Structures are given as structure tokens and as C-alpha cells.
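Biologist: Could you take me closely through one part of this model, starting from a single residue and its helix, and then set that part against the rest of the chain? I would like the reasoning spelled out wherever a residue is called buried or exposed.

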Amino acid sequence: MDQGGPGHVAAAGSGSSGGGGGQVGVQIHQTRRLPDFLQSVNLKYVKLGYHYLISNLLTLCFIPLIIVTLIEASQMDLHDIGQLWLHLQYNLVSVIICSAVLVFGLTVYIMTRPRPVYLVDYACYRPPDHLKAPYQRFMDHSRLTQDFDESSLEFQRKILERSGLGEETYAPEAMHHIPPRPSMAAAREEAEQVMYGALDNLFGNTNVKPKDIGILVVNCSLFNPTPSLSAMIVNKYKLRGNIRSFNLGGMGCSAGVIAVDLAKDLLQIHRNTYAVVVSTENITQNWYFGNKKSMLIPNCLFRVGGSAVLLSNKSVDKRRAKYRLVHLVRTHRGADDKAFRCVYQEQDDKGKTGVSLSKDLMAIAGGALKTNITTLGPIVLPISEQLLFFSSLVVQKLLNGDVKPYIPDFKLAFDHFCIHAGGRAVIDELEKNLQLLPVHVEASRMTLHRFGNTSSSSIWYELAYTEAKGRMRKGNRVWQIAFGSGFKCNSAVWEALRNVKPSRNGPWEDSIDKYPVKLVS
């Protein structure tokens, strides 16, 4: 829950009011925009992308060689084959050397070739209707708690108006009581409802038995009880005793991609198995009941949600899988002190715990994004775009920055974009800086409107939106991009293996016909 920050900060800039809150609002307003990528692209990050490319050079060279050989062989007649056999009989040493080279090359290729990781299916949790938190109910409950002064209430009202959230987002059960009941038991109950709800749906849709799961990765940033959330799932579904389970905490909204990366690495080692990735955030014990403006924003944007993803390295699953994982690129700016502290869980001067957002957050997020997409570009963009991009950087370097770098057209590399629904402003800025069309950010905007910021699971609600609209065709590429505290920016690229239809009991099943809705400026 600690890092839908870019959107939070922008909202705060336009929604601060009165007293000390006004100063915070002004500071945040000054840094609300992402940096203009046209002004600065660092060449060293491009090198990282080309490193990924060169790492697969053997495969890129070897496969065309095999294809050319097969084409030449198919054109040979019986006379050519006879002449070849006669030639080989008198050149035994050459035959042995060529055979050894061929066997060695095939062995190296097979041993180093990464195993494909398939996304069989996934499920997103849709809470019951009684947990909906429309604006007026949210404000009435905030007032009745008597924890917020008038300045803070007005601040929250303005945040909500400009947030991009609709009237049907969900708040946890504990927050619907007056006074709220943020207990450990209530937090466990929220976690169980979300995780088990998503997993029940996933197992039901895939007909995979819990006992077949060999790897389990759970990520939740702010709620990490003992036993862990992953242990709760093992206990609930009676998973096997040798399961490799992991519980990731404190990694914020980008942890869903990190969890997929961990599962992917494990699937490269352990053959013929399934991995389940559960991504969620827990709000019950992380609601802020103070009056510090920069710590109030998460209350207004974060809502209940979670996802469960089934991954497989089994070749037989390719026929029924929805997607294949193509690339995953992670960027971490935590070595920089400002980046490390820009999203920070702490206590205010009254001793109340919340997540504090730095006025530098948008600039830091922009830097992390720039690094990530500059690394990603060389491995996903068409050759024409790569050459234009790289040549412009070289010219800029030679002319000491007098020429603006060419910003590649990522629409040529991806058919669909799932930008983390951290806030309205960050979606606006990514749309502008990446020169996307409204349809490319529609899934992100509508997810924010319908479900709010569900942290690390938001990119899966967005993918589900695209499927529910019937837009996912075989061969389409999807770019999932998420930001996280620390500060991190992570990307995952998936390729559709078929024309993908929405799974049963999807999060948009009851509302997709209402979308897209027109958002108030």
C-alpha cells in the first residue's frame, strides 16, 4: 500500500487546503509532473538493454543458421545427395570436426536456452457489494471517526474529487464500522477473503489441484503476520509438504512483477511444475488516522483487491495457456537516499503510523521509469526504432546534448499497456511522455475508476479489462509496468498465445458493459 505514490502526489498538489496543509500541497504541486524524457536519456541505461540483447546472441545466430541449412537441404536431389556422400567418405576428419561442432553447439543451446514460462490463467478478487465505499459514505465515516480536523476532511474531499476513483470501489469491513475496528483479527480476515477468494476462482477455472502446486510466492507490503500469508495459504489448501513458498513484504505496488520474476527463476530450476503468485495489499491496519496531509493520501486512493496467477513450465500447458512470459526488466533506485525515503512508513508527531510521501516523488518515479524503459527498449523495439534511438543518442553525445534524443514509439512494440493504477496523474503523464493514445491507457483509467488503487494487483485487473473488452488477439504483446517504494520500476512483457477470452467470474463480469465511462476533468 506504500507506493501508488506518483498519482498520490499529483492529487495532493491540486487538493491541499488551509493551514499547514497548504504548504505541503504547494510543495507537492511543484513536482507533480514526470520529467520530460525528451530532455534527458542516459546512454548507460541503453547499454543495459543491449546487454540483454547480446546475452541471447547465440540463439539469434544459431536459429537462422539451422533454417538456412534446412532450406538448402530441401532443394537437394538424389544426385546431389550421392555426391555429398561420396565427398564425406574421403573427408572423414572434416566430418568428425563438423559433427563435434554441431553437437557442441546444440548442447550449449539446449543447456542455456531458458525454459518458456506460461501464464495458464489468473483471477482477480471482486469484493461483495456491501463493502462499496462511495464518496459520501467515505466522507461521512471520516467525519464520524472524529480523528480528522476540518482542514484534513476538506483535503480528503478534494483528493477524492480529483483522484479518478468512481463510486463503486471497496473498503475493508473494519473501515465500515463507527468507530473503525483495525484489529489484527480484522486484518487477517481481510487477507483471507481476498487471497482465498482469488485462489478459489483460479483453481475452479483451471481445474488444477492445490496439491499440484510446487511453488508459491505471496506479496503484501504492509501486513506481514506470523505465521506468514504464504503459510496461511498452505494451511487453507493443504499444499504439499515440499512446496517452495516465499512471502515478500515491504516491496509496495511493484511487488507483483517482482513475485513473477522470482517464480520465473524458480521455474527455470524445477522441472514440470506449477507456480502460483498471489499479489495483494492489506488496508485494515494501515489506515491513517492523523492530520498530516502527505500521509492522508493513501486513505483516499487505496482500496481492497488482490490477484492469483498460475504459471507453468510444462510444455503441455502451452495449448491451454493464455500468455507466454517474454521479458522482465527490473529497475531499483534504492542506492539513492532521496529515492529510498520518498515513500516512507513512519509515525507522525502524534505517534500515528502512516506512509509519508516526499515532494520529490514524481521526479524520482520519472527517473526510475526512464531507466526502465531505456533498458527495455533495445529488447522489444523493432530494429528501425532501435537504430533511430541509438543514432540520436550518439549524435547527442557528440554534440554535448544539443540534440534531443529520439523517443521510440513503444506502440510499435506493444499492443496493450497495463500501467499501474497508482493515481490519475501518473497515468496522464505516462500517456503524454510515451505518446500513447487514449485507448492504450483506457484499461488503467477504468481500473482506477472501478477498483481504485489495489496496489500490486492493479495490473491484473487492467489485463482482465482488456480481455473482457475482447481486444486480446493471438500474438498481441502486453506491457505491464508498475512502480514501487524503494524506489522501483518494473516491467513484464507477455505474448498472447491465442485469442484470449475472459475467464469465469472475472472482476469485470458484472460491469464491463458500463465502461469506458467519461471521466470528469
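Modeller: Phe390 belongs to helix α15, which runs over residues 383–398, and everything I say about this residue and the others refers to a predicted model. With a relative accessibility of 37%, Phe390 counts as partly exposed, because that value falls between the 20% under which a residue is called buried and the 50% over which a residue is called exposed. Phe390 also takes part in a nonpolar surface patch of about 420 Å², to which Val394, Val395, Leu398 and Leu399 contribute as well. The spacing along the chain is worth keeping in mind here: an α-helix has 3.6 residues a turn, so residues three or four places apart point the same way.

To set that patch in context, the protein chain as a whole exposes about 23200 Å², of which carbon and sulfur atoms supply 57%. Of its 521 residues, 54% count as buried, and its secondary structure comes to 18 helices and eleven strands. Among the contacts with a separation of 6 or more, 81% join residues that are 24 or more positions apart.

A helix with a two-sided arrangement is α7, residues 135–144, in which Phe138, Met139, His141 and Ser142 are buried. Viewed down the axis of α7, these buried residues fall within an arc of 165°, so they line one face of the helix. Gln136 and Leu144, on the other side of α7, are exposed. The buried residues of α7 pack against α8 (150–162) and α12 (293–301), and after the helix comes Gln146, with a positive phi near 60°.

The packing can be followed from the partner helix through Gln156, which lies in α8. Gln156 counts as buried because its relative accessibility is 0%. Once its neighbours within four places in sequence are left aside, Gln156 is in contact with Phe138, Met139 and Ser142, and also with Phe148, Leu296, Asn299 and Cys300.

Helix α17, residues 442–451, gives another picture: ten of its ten residues are buried, so the helix is largely enclosed by the rest of the structure. Among those buried residues are Glu442, Arg445, His449 and Arg450, along with Ala443, Met446, Leu448 and Phe451. The cover over the buried residues of α17 includes β9, α16 and α18 (458–468). The helix is followed by Gly452, where phi is again positive, near 75°.

His449 brings in the record, since the UniProt annotation "active site", from an unreviewed entry, covers His449 together with Cys253, His332, His416, His420 and Asn453. Of these, Cys253 sits in the loop between β3 (244–248) and α11 (255–269), and Cys253 counts as buried because its relative accessibility is 2%. His420 is placed in the loop between β9 (416–419) and α16 (424–433), and with a relative accessibility of 1%, His420 counts as buried too.

Another buried loop residue is Asn313, found between β5 (306–312) and β6 (323–332), with a relative accessible area of 12%. The C-alpha atoms of Asn313 and Leu267 are separated by 6.2 Å, although the two residues are 46 residues apart along the chain. Beyond the neighbours within four places in sequence, Asn313 is in contact with Leu267, Pro116, His270, Arg271, Asn272 and Thr273.

Some backbone features of the loops deserve a careful look as well. The peptide bond from Ile178 to Pro179 is cis, with omega near -5°, and Pro179 is found in the loop between α8 and α9 (184–206). A cis peptide bond also joins Gly486 to Phe487, with omega near 10°, and Phe487 has its place in the loop between β10 (477–484) and β11 (488–496). Asn207, in the loop between α9 and β2 (213–219), has a positive phi of about 60° although it is not a glycine, and at a relative accessible area of 67% Asn207 is exposed. Lys238, in the loop between α10 (229–237) and β3, likewise has a positive phi, near 55°, in a residue other than glycine.

Key
Residues are numbered from 1 along each chain as its sequence is written. This is a predicted model: local features need pLDDT of at least 70, side-chain atom pairs count only at pLDDT 80 or more; totals for chains, interfaces and linings use all residues. Side-chain values use heavy atoms; hydrogens and water are left out. Buried means under 20% relative accessible area, exposed over 50%, partly exposed in between (1.4 Å probe, protein chains only). Helices (H or I, at least four residues) and strands (E, at least two) are DSSP runs, numbered from the N terminus. The arc is that of the directions from the helix axis to the C-beta atoms. Contact means heavy atoms within 4.5 Å. Patches are made of residues with over 30% relative accessible area and no salt bridge: like charges are joined within 9 Å, nonpolar side chains (Val, Leu, Ile, Met, Phe, Trp, Tyr) within 5 Å. Accessible areas come from the Shrake-Rupley method with a 1.4 Å probe; for residues, only the protein chains shown count as cover. A salt bridge is a side-chain nitrogen of Lys or Arg within 4 Å of a carboxyl oxygen of Asp or Glu. UniProt positions are given in the numbering used here, feature names are shortened, and annotations may be inferred rather than shown by experiment.
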